[in-house]
Amino acid sequence: MVETSGIHSAVIAVGEELLSGQTTDTNGSWLSERLASLGAPVLRRWVVGDRTSEIQDAVSAAVDVAELVVITGGLGPTEDDLTRRSVADRLGLQLTRDPRLLQELRDRFRVRGQADLPPSNLGQAEVPEGAEVIPNARGSAPGLWIDVEGRIVVLLPG
């Protein structure tokens with residue numbers, strides 16, 4: 001856990017469904033309240049679509065104003081789940097396949113009766129260099145914790 005006393009945070013929620021009004025950004029609201037209670041008040045919040053340029057622009061702006069950036073959404077197995085790649089590219093980090101995470105994903109699907117991991121889920125085993133994996137007991141998309149030059153960027157499933 002990061003010491004939050006005296007730091008500022010920013011929250012980025014990713015998803016077209018948030019912009020269209022189909023889904024309310026309850027994650028962003030909850031995160032803002034929780035971060036404030038931990039002593040890391042949110043200075044800015046963004047809601048962006050599933051587009052690389054929007055995600056990257058928000059990440060750039062967020063790391064300019066906050067020591068802790070929490071991004072939620074866009075980590076799933078579909079083609080429009082671009083958060084992992086977009087953040088890694090913006091931060092200048094290579095994505096590499098994490099063998100331990102890949103095995104955990106395979107095991108999760110086998111327990112559910114599938115012979116192997118669907119090809120669409122392979123990308124969920126991709127981790128930006130230096131990132132720590134945050135296990136997800138409820139879904140297949142793990143979270144990620146990245147320390148970038150003293151700034152913490154956390155990616156969480158939506």
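Let me begin with a term: a residue is called buried when its relative accessible area is under 20%. Please keep in mind throughout that the model we are looking at is a predicted one.

With that cut-off in hand, consider helix α4, which runs over residues 83-91, and in which Thr83, Arg84, Ser86, Val87, Ala88 and Leu91 are buried. An α-helix has 3.6 residues a turn, so residues three or four places apart point the same way. I would like to stay for a moment with Ala88, which sits in this helix, and which counts as buried because its relative accessibility is 0%, where the cut-off is under 20%. Which residues does Ala88 touch, once its neighbours within four places in sequence are left aside? The contacts are with Leu93, Leu95 and Pro128. Just after α4 comes Gly92, and its phi is positive, near 75°.

Now let me turn to the second largest pocket, which holds about 200 Å³ of space. Its lining is drawn from several parts of the numbering, including Asn27, Trp30 and Leu31, then Thr72, and further along Ile134, Pro135 and Asn136, as well as Gly143, Leu156, Pro157 and Gly158. Which element gives the most to this lining? That is helix α2, residues 26-37, with three residues. As for chemical character, the lining residues divide into six nonpolar and five polar, with no charged residue among them.

Finally, one distance for orientation: Ala88 and Gly28 are separated by 60 residues in sequence, and their C-alpha atoms lie 21 Å apart in space.

How values were computed. Residues are numbered from 1 along each chain as its sequence is written. This is a predicted model: local features need pLDDT of at least 70, side-chain atom pairs count only at pLDDT 80 or more; totals for chains, interfaces and linings use all residues. Side-chain values use heavy atoms; hydrogens and water are left out. On a 1 Å grid over the protein atoms alone, a cavity is a set of points where a 1.4 Å probe fits but cannot get out, and a pocket is an open set with protein on both sides within 12 Å along at least five of seven lines; lining residues have an atom within 4 Å of a point. Grid points are joined across faces, edges and corners, and a volume is the space filled by probe spheres set on the points. Helices (H or I, at least four residues) and strands (E, at least two) are DSSP runs, numbered from the N terminus. Ala, Val, Leu, Ile, Met, Phe, Trp, Tyr, Cys and Pro count as nonpolar, Asp, Glu, Lys and Arg as charged, and the others, Gly among them, as polar. Buried means under 20% relative accessible area, exposed over 50%, partly exposed in between (1.4 Å probe, protein chains only). Contact means heavy atoms within 4.5 Å.
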